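Reader: Could you take me through the terms applied to this structure, setting each value against the rule behind it?

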Amino acid sequence: DRERPTGTMEIEVVGEHNLPAKAILSIRIGDVRRQAPVRLRDPFCFQSIGSAEYCKVDLLTKAAGTQTLSLADVKDGGSFNTTVVFDKDVSVDLKLTPSGDGSSSPSRAEARVSRHQAAIKAKQFLDEHNIQQVLQEMVQSLLQHKPGQPFEYMVSYLQGIKPAAKVAQENGVEEDPKPHRQASTDFIDTNVLPDLKGFHSIAARLLVQEPGLFDRLKEVRTSKYDVSLIRCLETGLRNKGHAMVKTAGVVCCDEECYSVFKDVFNPVISKWHKGYDASGSHPSNTSVGDIAADLDLTLASNAVVKMSRNIAGFAMAPVISSQQRVEVEKAVVHCLAACSTATVKGQYFPLPGSSTFAGRPQGMSAEEAAALETAGLLMKEPDAPMITAAGIGRDWPDARGVFWSEDKQVAVLVNEIDHVKVVASNAAGKVREAFTRALEVVEMLAQALAGNGREFMKSPNLGYLTVFPSDLGTALAASVELALPELTKDGVRKQAVDAGLALRRAGGEAGESAWVVERVDRLGVSEVEQITALIAGASAMAQAEQALAGAAP
């Protein structure tokens, strides 16, 4: 007697005769049923047939039929072909293939999971992450507010959702305390440009539109750090991006890149910065006295000003060596220690697990990290593909840390993306005051660096040089939070556009009516112009809010 197979099995339709259109084939072995529209060579996969002796084959149409096949005719390790006749002119040819006992290496049946199983796994994933509910709530909110920029609204809505790690922490689930050190990036071949079909970044589209551009520059290198064009393009060549969300697709790796590869960078910069001519002159004005008045609104809070800088002579984050990163850390911390004014009186906290700072070889304590986390200042290892593909997260967390002033109003982030990021905040929403403090720290650092023969990277055309082209110019980001309950009901997006401001939800405990507004223009405008425009725009939105509140019954 033949031994009936008991492991996995595939059953393929290898032929069909006179089947009605849209016929459904259903096959059952034991308690497991698979059914799908009849398609040749698209197998029905059974993970275990157990002790079943027969399989039942149903044809589901208006002229339905059922036949039963004996599994005793199927040899273990072989295959069995048979014709199943439902009517005198209607039949299908089946091929039954057992795949072993299911305990060894994965079979073809296991690899090609049925659509039914895939649907179950998909539903489990959606349920586990509460995705369907979130999307339903987002669509409801979208329809309620009907913003002028729906895609931007959806991005802002999703950004306000707490990440899973934060939720887990709030629920008492401990995260892995051991820091992760990202391995060095396996960089792309420097002479080969991948197929850019389906890539959406500005740089990728430029290379598609100008096919000879890459070949002309692929052998060119910067003089000090031997950076190639494809190294700058790494982030855009590893990530296709999305047609609705444009990214630059290129980063700066040292202070020569913007000039050496200007034929790529300049068009990207022009596209990103609203037609800015990269051969023009970028203005600068940091005279606080030229800012007429500060924001003074009861509905304003949490003004934040961030100023990024890179130190000339060092490589930038995408290619910097671990030793140079340590040198940057030492240089910045030394300069901060030399500045003894009240503005920068504070302490440097290396990230947990960082071993490069002699004063704190194990990094900051858990309590210190929690305090920085609460203040929104704790640097996190990057996990966004656009950033990690650029090589920015290498050797994490070494040589990274946060200097925090004693009054908790000023922080200096070291080696996050750019070498230095100064962050100043004002709880009352005083934008000019926050700018004044951030500027004071930046100028003190510049003076201290000059005493050691160093300076910040700067170009007369592009302003302060940053890793991301989007931050060029003032390298300044300024924002303020506004409570806008009336505008939130209708017109908040339009009002922001009219005021020349970018808008996103504040998130957290601030509520649905709290918004963060900022002026995103950085290149081609001075620092004073940027801050003045934010204050004016926020004031205009506040006046519109107050007008609606006064008109409300």
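Author: What follows is a set of questions on a predicted model, each answered by setting a value against its cut-off.

Reader: Let us begin with helix packing: what makes α11 and α14 roughly perpendicular to each other?

Author: The axes of helix α11 (residues 322-338) and α14 come within 9 Å and cross at roughly 110°. Angles of 65 to 115 degrees count as roughly perpendicular, and the two helices are therefore given that description. As for the hand of the crossing, α11 and α14 meet in a right-handed one.

Reader: Why, then, is α6 called oblique to α10?

Author: Helix α6 (residues 202-209) packs against helix α10 (residues 262-272) with the axes 10 Å apart and at an angle of about 125°. Because the perpendicular range runs from 65 to 115 degrees and the antiparallel class begins over 145, this angle falls in neither, and α6 is oblique to α10. The crossing in which α6 passes α10 is right-handed.

Reader: Staying with α14, how do you know that V431 and V441 count as buried?

Author: Buried means under 20% relative accessible area. V431, which lies in helix α14 (residues 431-451), has 0% relative accessibility and so counts as buried. V441, also found in helix α14, has 1% relative accessibility and therefore counts as buried too.

Reader: Which residues are described together with V431 and V441 by their C-alpha separations?

Author: For V431 the partner is D294, 137 residues away in sequence, with the C-alpha atoms 6.3 Å apart in space. For V441 the partner is V422, 19 residues away along the chain, and their C-alpha atoms are separated by 7.3 Å.

Reader: Turning to charged side chains, what makes E373 and K380 a salt bridge?

Author: Side chains of opposite charge can pair when their charged atoms come close. The rule asks for a side-chain nitrogen of Lys or Arg within 4 Å of a carboxyl oxygen of Asp or Glu, and the closest N and O atoms of E373 and K380 are 3.1 Å apart, so the pair forms a salt bridge. E373 has a relative accessible area of 24% and is therefore partly exposed, since that class lies between the buried limit of 20% and the exposed limit of 50%. By the salt-bridge rule the count comes to 16.

Reader: How do you know that D498 and K494 form a salt bridge, and where do they lie?

Author: The closest N and O atoms of D498 and K494 are 2.9 Å apart, and the limit is 4 Å, so the pair is a salt bridge. Both residues lie in helix α16 (residues 492-498), 4 residues apart, which is about one turn of the helix. Both D498 and K494 are exposed.

Reader: What makes the pair E512 and R505 a salt bridge, and why is R505 called buried while E512 is partly exposed?

Author: The closest N and O atoms of E512 and R505 are 3.4 Å apart, again within 4 Å, so they form a salt bridge. R505 has a relative accessible area of 10%, which is under 20%, so R505 is buried. E512 has a relative accessible area of 49%, whereas exposed means over 50%, so E512 is partly exposed. Elsewhere, salt bridges that share partners join K274, R519 and D521 into one network.

Reader: Which phi values of N302 and A475 are positive, and why is one residue called partly exposed and the other buried?

Author: Phi of N302 is near 50°, a positive value in a residue other than glycine, and phi of A475 is likewise near 50°. N302 is found in strand β9 (residues 300-309), and its relative accessible area of 37% lies between 20% and 50%, so N302 is partly exposed. A475 is found in the loop between β15 (463-464) and β16 (476-483), and at 4% relative accessibility, under 20%, A475 therefore counts as buried.

Reader: Finally, what makes V245 eligible for a nonpolar patch on the surface?

Author: V245 has a relative accessible area of 48% and is partly exposed; patches are made of residues with over 30%, so V245 passes that cut-off. F151, M244 and V245 form the patch, with about 310 Å² of accessible area together. V245 itself is placed in the loop between α8 (229-238) and α9 (257-260).

Technical notes: Residues numbered from 1 in each chain as written. Predicted model: local features only at pLDDT ≥ 70, side-chain atom pairs only at ≥ 80, totals over all residues. Heavy atoms only, no water. Patch = residues over 30% accessible without salt bridge, like charges linked within 9 Å, V, L, I, M, F, W, Y side chains within 5 Å. Areas by Shrake-Rupley, 256 points an atom, 1.4 Å probe, with all protein chains shown as cover. Buried < 20%, exposed > 50% of the residue type's maximum accessible area, 1.4 Å probe, protein only. Axes fitted to C-alpha atoms, helices over the stretch in contact; angles between N-to-C directions. Parallel < 35°, antiparallel > 145°, perpendicular 65-115°, else oblique. Left-handed = near helix turned anticlockwise from the far one by under 90°.
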